[in-house]
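The following note is offered to a colleague who wishes to examine the side-chain packing of this protein. The points are numbered so that each may be checked against the structure.

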Amino acid sequence: MTYFEKDFILFFQELKKNNTKEWFDENRKRYEKNVKKPFANFVGTMIGRIRDFEPSLLIEPKECILRINRDIRFSKDKTPYNSHVTAFISKGGKKDKTRPGFFLRLTPDEIGIMIGCFQPDKTQLKKIRNFIAADPGLFSKTINDKKFKDRFGELKGEEHKRIPTEFKEAYSTEPLIARKQFYAVAVLDPNILLKEGLIEQLMEYYHAARPVNFYLTKAMEQPA
């Protein structure tokens, strides 16, 4: 089955050119019918498919989907609306972006997929580093899995300029231990949004990323 009509893409293409409250209010019913509701149904289906492999993923679409309104309080860009939709499918949903998960952003130009751990706090980061230091070989094997690399390439993330003394020895074996984040990104053609088999294609990326997400989750659940 298909989840989106052509107007899902057209709406955002037009919004980019008319990003005002007046235009949005005029097109609000269109947004509700052709964007908001289909995206919620789509995210609900994705959650259900992922739950087959993660029974503890007890979350609803509304807990995953970000608002289309932009937070413009501290931004120079004062346009009021995002020209995309985003969902954080993880145990913490949109309220806890520290947890590894499967994050989607749909735009007229691309489908963005992000997996891994994008905003770990200090305690979580230390746990991940401890886990890597305990067995650098397992970490290397996980992130170099062929399915993962074919779809996501390399792990991304900012790097600390100074590595804590306790991790310097492990750093010589596995330099990625210096990262402050551990995530990966894949970009897909937006034309598949309108075709059958969308969920199946995205689930291929989920399965490719699952060992990395599982590794990071297990690391973060270790005792402090």
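Which residues does F42 touch, not counting residues up to four places away in sequence? The first point gives the reply, and the remaining points take up other parts of the model, which is a predicted one.

1. Contacts of F42. With residues up to four places away in sequence not counted, F42 touches Y3, F4, L104, L106, L198, I199 and L202. F42 also belongs to the largest nonpolar core, which has 67 residues. Along with M46, I113 and F152, F42 is among the members that touch the most other members of this core. Helix α8 gives the most to the core, namely 13 residues. As general background, nonpolar side chains in soluble globular proteins tend to be buried together.

2. Aromatic pairs. A search of the whole structure yields 20 aromatic pairs. One of them is formed by F11 and F24, edge-to-face, with 6.0 Å from centre to centre and 80° between the planes. This pair links distant parts of the chain, since F11 lies in helix α1 and F24 in helix α2, 13 residues apart. Both F11 and F24 are buried. The pair of F139 and F182 is likewise described as edge-to-face, because the ring centres are 6.4 Å apart and the planes stand at 90°. F139 is in helix α5 (residues 136-143) and F182 is in strand β4 (residues 182-188), so this pair ties together parts that are 43 residues apart in sequence. Both F139 and F182 are buried.

3. The aromatic cluster. Ring pairs join Y3, F4, F8, F11, F12, W23, F24, Y31, F39, F42 and Y81 into a cluster. F42, noted above for its place in the core, is thus also a member of this cluster. Elsewhere, a charge is set against an aromatic ring: the charged end of R151 sits over the ring of Y205, 5.8 Å from the ring centre.

4. The buried side of α5. On which helices and strand do the buried residues of α5 pack? The buried residues in question are F139, T142 and I143. They cover an arc of only 85° around the axis, and therefore lie on the same side of α5. Their packing partners are α4 (122-134), α6 (146-152), β4 and α8 (198-220).

5. The surroundings of N19. N19 is found in the loop between α1 (6-17) and α2 (21-26). Is N19 buried or exposed? Its relative accessible area is 15%, and N19 is therefore buried, the cut-off being under 20%. Apart from neighbours within four places in sequence, N19 is in contact with T79, P80 and Y81. A polar atom of the N19 side chain lies 2.8 Å from the backbone oxygen of Y81.

6. The surroundings of K78. K78 is located in the loop between α3 (28-51) and β1 (85-89). With a relative accessibility of 48%, K78 counts as partly exposed. K78 and N19 are separated by 59 residues in sequence, and their C-alpha atoms are 9.6 Å apart in space. Leaving aside neighbours within four places in sequence, K78 is in contact with R70, I72 and R73. A polar atom of the K78 side chain lies 2.7 Å from the backbone oxygen of I72.

Technical notes
Residues are numbered from 1 along each chain as its sequence is written. This is a predicted model: local features need pLDDT of at least 70, side-chain atom pairs count only at pLDDT 80 or more; totals for chains, interfaces and linings use all residues. Side-chain values use heavy atoms; hydrogens and water are left out. Helices (H or I, at least four residues) and strands (E, at least two) are DSSP runs, numbered from the N terminus. Buried means under 20% relative accessible area, exposed over 50%, partly exposed in between (1.4 Å probe, protein chains only). A polar contact is a pair of N or O atoms within 3.5 Å; within protein, one must be able to donate a hydrogen and the other to accept it, and residues adjacent in sequence count only if both atoms are side-chain atoms. Contact means heavy atoms within 4.5 Å. Rings of Phe, Tyr and Trp (its six-membered ring) pair if their centres lie within 6.5 Å; planes under 30 degrees apart count as stacked, over 60 as edge-to-face and the rest as tilted. A charge sits over a ring if NZ of Lys or CZ of Arg is within 6 Å of the ring centre and within 35 degrees of the ring normal. The arc is that of the directions from the helix axis to the C-beta atoms. A nonpolar core is a set of buried Ala, Val, Leu, Ile, Met, Phe, Trp, Tyr and Cys residues joined through side-chain atoms within 4.5 Å.
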